[in-house]
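The following exchange asks how descriptive terms are justified from computed values. Please consult the sequence and the structure as you read.

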Amino acid sequence: MNQPTRSSSPYVHNNQNVRKLMLQVQIAAFPALLMHIYIFGFGIVVQWLLAVATLLVVEYTMLKLRGRPVIPFITDMSALITITGLVFCIPPGAPWWIIVSGSTFALIFGKHLYGGLGYNPFNPAMLGYAFLLISFPVQMTQWIVPSEIAGYYMGFMDALQLVFMGHIPDISMDAITGATPLNEMRIGISQGVTVAETLNPLLSANDRSVHFMFGFSSWEWVNLSFLLGGLWMLYSRTIRWQFPVGFLGSLALMGFIFHAIDPNTYPPVDFVLLSGGTMLAAFFIITDPVTASTTPKGRFIYACGIGVLVYVIRSWGAFPDGIAFAIILMNIAVPLIDQYTQPRVFGHKH
């Protein structure tokens with residue numbers, strides 16, 4: 001009689017499998033993709049297509065080198081989720097080699113060198129993102145300005161020219177690129193400008209995005225789109241509630257405390273929750289079933305730790321948004337968290 005074999009995580013219940021789980025996550029990210037295209041243009045589409053092409057080459061090469069069958073592993077969609085998460089973190093107008101090198105690093109060093117899906121200790125997308133932030137800080141901090149502000153919408157052909165040639169004919173790059181709200185906030189505070197003055201929509205043309213649509217800024221709309229997809233995943237039980245609740249709760253608590261202490265230096269809670277990649281991280285990144293904690297209590301502790309670290313890095317660190325580094329640091333702590341949060345075995349005596 002053949003003995004059953006045990007495979008590594010992720011273990012998925014309720015008639016799920018890896019491919020179905022990854023497809024649900026990909027569908028949930030679709031509203032954010034449409035909102036991103038509407039606000040920033042088609043740069044993200046070009047970046048995603050480049051990332052997919054890189055994925056096919058890297059996955060095929062690594063699976064062949066590792067002696068694994070190509071079709072079953074390349075079609076489980078796990079690598080697609082990795083590059084999709086990474087693409088959302090990349091400036092839409094970044095040079096083509098940014099997304100190619102980031103995707104390659106994420107898939108090789110974040111996944112295959114550890115033995116493939118289920119064996120990697122670090123989130124591959126965030127490992128690739130951290131690599132790009134450290135290696136190419138200039139290219140990673142120049143974002144496309146929302147079309148509502150720039151008065152110019154970047155079409156697909158414009159995006160191709162920008163990504164591959166570095167410019168768009170007859171368009172000034174200074175007019176369509178700029179810093180993110182998080183970076184603007186850090187720069188303003190470092191120059192002695194208060195939070196209220198930085199958020200004042202009358203100060204500069206960039207701040208007109210504060211009332212972009214229905215009182216929400218462009219970046220807030222992107223975060224709200226991720227929130228919409230995340231709520232659908234919670235409803236369909238694709239992800240566990242401890243992740244977003246722990247992360248957003250701890251981040252909001254830190255924002256509330258420090259804003260109450262010094263409102264001139266620390267932004268309000270709504271800005272903290274709806275800027276940068278907050279909702280992307282809460283529902284699509286920290287919920288990774290391989291690199292996150294696996295116990296109910298551990299998931300909450302893991303998520304809270306990320307929330308605290310994100311706030312610390314945003315407020316006092318060297319990077320505007322500390323999501324990648326916070327997640328990687330908490331990935332390191334996952335084995336310890338799981339060890340001390342194991343639920344009691346059924347029948348355990350007090």
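A residue is called buried when its relative accessible area is under 20%, exposed when over 50%, and partly exposed in between. The model discussed here is predicted.

Q: Why is Arg-237 called exposed or buried?
A: The relative accessibility of Arg-237 is 67%. The cut-off for exposed is over 50%, and therefore Arg-237 counts as exposed. Arg-237 is placed in the loop between helix H14 (218–235) and helix H15 (242–261).

Q: What is notable about the phi of Arg-237?
A: Most residues other than glycine have a negative phi. Arg-237 is a residue other than glycine, yet its phi is positive, near 60°. A positive phi, near 85°, also belongs to Gly-192, which follows helix H12.

Q: Why does Thr-287 count as buried or exposed?
A: Thr-287 has a relative accessibility of 11%. Buried requires a value under 20%, so Thr-287 counts as buried. Thr-287 lies in the loop between helix H17 (278–285) and H18. Leaving aside neighbours within four places in sequence, Thr-287 is in contact with Ile-239, Phe-243 and Ala-282.

Q: What makes the approach of the Thr-287 side chain to the backbone oxygen of Phe-283 a close one in terms of polar contacts?
A: A polar atom of the Thr-287 side chain lies 3.0 Å from the backbone oxygen of Phe-283. The limit for a polar contact is 3.5 Å, and the distance of 3.0 Å falls within it. Phe-283 itself is one of the buried residues of H17.

Q: How do you know that H17 is mostly covered?
A: In H17, 8 of its 8 residues are buried. Among them are Thr-278, Met-279 and Leu-280.

Q: Why is Asn-223 called buried?
A: Asn-223 has a relative accessible area of 1%. Since the value must be under 20% for a residue to be buried, Asn-223 is therefore buried. Asn-223 has its place in helix H14. Not counting residues up to four places away in sequence, Asn-223 touches Leu-273, Leu-274, Ser-275, Gly-276, Gly-277, Thr-278 and Met-279. The side chain of Asn-223 also reaches the backbone oxygen of Trp-219 at 3.1 Å.

Q: How far apart are Asn-223 and His-36, in sequence and in space?
A: In sequence, Asn-223 and His-36 are 187 residues apart. In space, their C-alpha atoms are 9.8 Å apart.

Q: Which values describe the packing of helix H3 against helix H5?
A: Two packed helices are described by the angle between their axes and the distance between the axes. The axes of H3 (residues 43–65) and H5 (residues 78–87) come within 10 Å and cross at roughly 145°. This crossing is right-handed. The residues of H3 that take part include Ile-44, Trp-48 and Leu-55, and those of H5 include Leu-80, Ile-83 and Val-87. By class, the contact has 9 nonpolar, 2 polar and 1 charged residues.

Q: Which residues of helix H12 are buried, and what covers them?
A: In H12 (residues 181–190), the buried residues are Leu-182, Asn-183, Met-185 and Gly-188. Their cover includes helix H13 (195–199), helix H16 (269–273) and helix H18 (296–316).

Q: What share of the residues of the protein chain counts as buried, and how many helices and strands does the chain have?
A: Of its 350 residues, 50% count as buried. The chain has 19 helices and 2 strands.

Notes
Residues numbered from 1 in each chain as written. Predicted model: local features only at pLDDT ≥ 70, side-chain atom pairs only at ≥ 80, totals over all residues. Heavy atoms only, no water. Helix = DSSP H or I, 4+ residues; strand = E, 2+ residues; numbered from the N terminus. Buried < 20%, exposed > 50% of the residue type's maximum accessible area, 1.4 Å probe, protein only. Contact = heavy atoms within 4.5 Å. Axes fitted to C-alpha atoms, helices over the stretch in contact; angles between N-to-C directions. Left-handed = near helix turned anticlockwise from the far one by under 90°. Nonpolar A, V, L, I, M, F, W, Y, C, P; charged D, E, K, R; others polar. Polar contact = N/O pair within 3.5 Å; in protein donor to acceptor, adjacent residues only side chain to side chain.
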